[in-house]
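Me: Please take one part of this model and look at it closely, then follow its connections outward into the rest of the chain. I would like a single connected account with the cut-offs spelled out.

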Amino acid sequence: MDLKILIILGCMAYSSYAYDMHSSFTEHIDGDCMCMVYEFYCQQPDDDHHYNMNARQFCRQRSIQEGGPKGRLAVLRTQDIDDKVRQHIQDNEIDGPDCITKYGFWIGLSDRVTEGEYVWSDGGSDCPTDYRNYADGEPNNNTKKTGAGQDCTQLWFRFGHNGKWDDEYCDYRPKGIVCEVPDPFCHSEDV
Ligand SMILES: [Ca+2]
Ligand SMILES: [Ca+2]
């Protein structure tokens with residue numbers, strides 16, 4: 001394989017995990033947790049069907065400072081955070097086709113490992129939470145499109161759900177992304 005092809009492949013691999021941020025806001029999390037920056041990204045390219053996995057890997061590369069604590073798909077720990085994230089999406093009008101055509105944003109909650117056991121992207125270690133805000137009838141682990149069912153959670157902007165949560169196929173449709181990135185420079189009085 002010549003150098004040119006290697007460079008092209010390298011750029012393709014890089015570009016699949018580098019999305020342009022639409023907007024963000026910072027929030028102090030009560031308790032021992034530090035400030036979090038919630039970052040919003042419009043829908044991923046319709047490319048290789050590893051949509052949720054790519055989103056997870058992308059958020060894990062994010063940091064406020066080079067070498068600082070890394071991000072992850074957002075953990076909506078409290079109703080307050082959940083409300084602010086969903087309000088941000090609506091206030092910035094990114095709940096429609098200008099940003100997402102597949103009706104949702106990934107957040108960091110899944111039952112990928114054990115069906116029915118939902119685990120947050122932080123493993124529940126930093127700020128344990130039982131908070132949930134699924135739409136009526138969800139999660140339903142729908143198996144119509146793939147036999148594996150639905151294991152990844154989206155903020156659902158279809159049928160008037162206004163960002164209530166839904167379990168969705170992890171790798172069937174591209175989605176927007178909400179990452180959270182710890183901000184080591186933020187203090188509670190700043191926000
Ligand atoms: Ca499931
Ligand atoms: Ca569902």
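Reply:
**Strand β2 and its surroundings**

Strand β2 is mostly covered, since five of its seven residues are buried; a residue is called buried if 20 or more other C-beta atoms, placed from the backbone, lie within 10 Å of its own, exposed if there are 12 or fewer, and partly exposed in between. The model is a predicted one, in which local features need pLDDT of at least 70 and side-chain atom pairs count only at pLDDT 80 or more, while totals for chains, interfaces and linings use all residues. Residues are numbered from 1 along each chain as its sequence is written, and chains are lettered from A and ligands numbered from 1 in the order in which they are written.

The chain holds three helices and eight strands, where helices (H or I, at least four residues) and strands (E, at least two) are DSSP runs numbered from the N terminus. Read from the N terminus, these elements follow the order α-β-β-α-β-α-β-β-β-β-β.

β2 is joined to two other strands, and strands are said to pair if DSSP finds at least two bridges between them. With β1 (residues 21-28), which runs antiparallel to β2, there are seven bridges, and S23 has F40 of β2 as its bridge partner. β8 is likewise antiparallel to β2 and is joined to β2 by seven bridges, with M36 standing opposite P182 of β8. As background, the side chains of a regular strand alternate between the two faces of the sheet.

β2 also takes part in the largest nonpolar core, which has 35 residues; such a core is a set of buried Ala, Val, Leu, Ile, Met, Phe, Trp, Tyr and Cys residues joined through C-beta atoms within 7 Å. The residues with the most contacts inside this core are A74, F105, W106, I107, I177 and V178, and at least two core residues come from each of β2 (35-41), α2, α3, β4, β6 and β8.

I177 ties several of these parts together: neighbours within four places in sequence aside, I177 is in contact with Y19, Y41, A55, F58, C59, F105 and W106, where contact requires C-beta atoms, placed from the backbone, to lie within 7 Å. A55, F58 and C59 are also among the buried residues of helix α2 (residues 51-61), together with Y51, N52, N54 and R56. The buried residues of α2 pack against β3 (72-73), β4, β6 and β8 (176-183).

For contrast, some places in the loops are exposed. E93, in the loop between α3 (79-91) and β4 (104-110), has a positive phi of about 50 degrees although it is not a glycine, and E93 is exposed because 9 other C-beta atoms lie within 10 Å. F159, in the loop between β6 and β7 (164-168), is not a glycine either, yet has a positive phi of about 55 degrees.

Over the chain as a whole, 35% of the 191 residues count as buried. Of the contacts between residues at least 6 apart in sequence, 71% join residues at least 24 apart.

Key:
Two residues are in contact if their C-beta atoms, placed from the backbone, lie within 7 Å.
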